Amino acid sequence: MRGRRIVSILLAVLIAGCASTPAAPWQSLADTAQWRSIGASTLDPRWQVSDGELALTVAGGGDIISVGTYGDFELEFEWRLPVAGNSGLFYRAVDASPVWARAVEYQLLDDREAEDRIVPSHRAGAAYDLVAPTRDMLRTIDDYNHARIVACGSRVEHWLNGARVAVYDTGSEDWRQRVAASKFAGQADFAKARRGHLALQDHGNAVYVRGMRIRALGPDCRPASL
């Protein structure tokens with residue numbers, strides 16, 4: 001009996017220790033120091049941060065990438081666009097132009113007015129030109145939308161305003177068929193990287209992103225422990 005009690009106590013201590021291990025903290029990306037223009041060491045001044053909001057104030061600032069690189073991660077941010085606006089958030093991206101040729105894009109779009117809305121896989125929340133959103137969760141044009149991306153190994157989920165709207169696995173036959181039927185069919189390095197930069201797109205209109213933050217995930221897709 002005494003031996004069993006000792007084992008039980010040791011197990012309880014072990015479980016308590018694991019439960020109390022702190023998860024990796026969120027890292028804020030709402031700072032110009034966290035971003036630079038593609039192929040450059042500085043950020044184009046047309047991309048600015050004010051009160052925690054990263055914005056392309058004037059078209060022509062070009063695509064930008066995060067200074068840091070990320071592998072398995074959970075990313076959250078809020079975004080809005082002008083009427084008929086179009087942009088995108090790329091992940092596991094390479095510091096090379098064009099960024100879209102190598103990285104998957106979380107589509108940012110005004111689904112009510114933008115020309116690109118005609119194609120389902122080009123609508124807000126889509127894995128651009130690959131996986132269409134399963135439902136329309138977009139808010140009105142003046143409201144911010146909440147985006148969330150969970151990338152763990154070959155599996156990636158896109159969330160929009162609290163709903164999972166797209167999911168894919170780059171190791172699946174379904175994914176290979178989707179890529180072969182898309183604009184990325186001729187891009188040998190498309191979606192091959194398991195670690196890379198984030199990137200924001202200049203698509204010829206203003207873009208507003210606020211509250212962007214990211215944290216690392218462990219192999220079980222839970223927040224990694226420190």
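About 90 Å³ of space lies in the largest cavity of this predicted model. A search of the whole structure turns up 2 cavities of 30 Å³ or more. The second largest holds about 60 Å³. Beyond the cavities, the topics below are an open sheet of 5 strands, a hairpin of β10 and β11, and 1 disulfide.

**Largest cavity**

- The lining draws on several stretches of the chain, including Tyr-91 and Arg-92, then Arg-102, Ala-103 and Val-104.
- Further along the sequence, Val-156, Tyr-168 and Thr-170 also line the largest cavity.
- Ala-191, Ala-193 and Arg-194 complete the lining.
- By class, the lining has 7 nonpolar residues, 1 polar residue and 3 charged residues.

**Second largest cavity**

- Among the lining residues are Trp-79, Arg-80 and Leu-81, along with Leu-109 and Asp-110.
- Leu-138, Arg-139, Thr-140 and Ile-141 line the second largest cavity too, as do Asp-143 and Asn-145.
- This lining divides into 5 nonpolar, 2 polar and 4 charged residues.

**Open sheet**

- The 5 strands of the open sheet follow the order β2-β5-β12-β7-β8, and their pairing is antiparallel.
- The edge strands are β2 (35-37) and β8 (104-109), each of which pairs on one side only.
- From one strand to the next, the twist averages 25°.
- Strands of a sheet pair through backbone hydrogen bonds, in either the parallel or the antiparallel sense.
- Within this sheet, 3 bridges join β7 (residues 86-93) to β12 (residues 197-200), and the two run antiparallel.
- Leu-89 stands opposite Leu-200 in β12.

**Hairpin of β10 and β11**

- Strand β10 (residues 155-160) pairs with strand β11 (residues 163-169) over 6 bridges, in the antiparallel sense.
- Leu-160 stands opposite Ala-163 in β11.
- The hairpin has 2 residues between its strands, and Asn-161 takes a positive phi near 50°.
- In a regular strand, side chains alternate between the two faces of the sheet.

**His-158**

- His-158 lies in strand β10.
- His-158 has 0% relative accessibility, so this residue counts as buried.
- Tyr-106 is 52 residues from His-158 in sequence. In space, the two are 7.3 Å apart, C-alpha to C-alpha.

**Disulfide**

- The structure holds 1 disulfide. The bond joins Cys-152 to Cys-221, with an S to S distance of 2.4 Å.
- The pair links distant parts of the chain, 69 residues apart. Cys-152 sits in strand β9 (residues 145-152), whereas Cys-221 falls in the segment after β13 (207-216).
- A disulfide is a covalent bond between the sulfur atoms of two cysteines.
- What is the handedness of the disulfide of Cys-152 and Cys-221? The torsion about the S-S bond is about -105°, so the disulfide is left-handed.
- Is Cys-152 buried or exposed? Cys-152 counts as buried because its relative accessibility is 9%, and the cut-off for buried is under 20%.
- Cys-221 counts as partly exposed because its relative accessibility is 34%, which falls between the 20% and 50% cut-offs.

Definitions and conventions: Residues are numbered from 1 along each chain as its sequence is written. This is a predicted model: local features need pLDDT of at least 70, side-chain atom pairs count only at pLDDT 80 or more; totals for chains, interfaces and linings use all residues. Side-chain values use heavy atoms; hydrogens and water are left out. On a 1 Å grid over the protein atoms alone, a cavity is a set of points where a 1.4 Å probe fits but cannot get out, and a pocket is an open set with protein on both sides within 12 Å along at least five of seven lines; lining residues have an atom within 4 Å of a point. Grid points are joined across faces, edges and corners, and a volume is the space filled by probe spheres set on the points. Ala, Val, Leu, Ile, Met, Phe, Trp, Tyr, Cys and Pro count as nonpolar, Asp, Glu, Lys and Arg as charged, and the others, Gly among them, as polar. Two strands pair if DSSP finds at least two bridges between them. Helices (H or I, at least four residues) and strands (E, at least two) are DSSP runs, numbered from the N terminus. Axes are lines fitted to C-alpha atoms, for helices over the stretch in contact, and angles run from 0 to 180 degrees between N-to-C directions. A disulfide is a pair of cysteine sulfur atoms within 2.5 Å. Buried means under 20% relative accessible area, exposed over 50%, partly exposed in between (1.4 Å probe, protein chains only).
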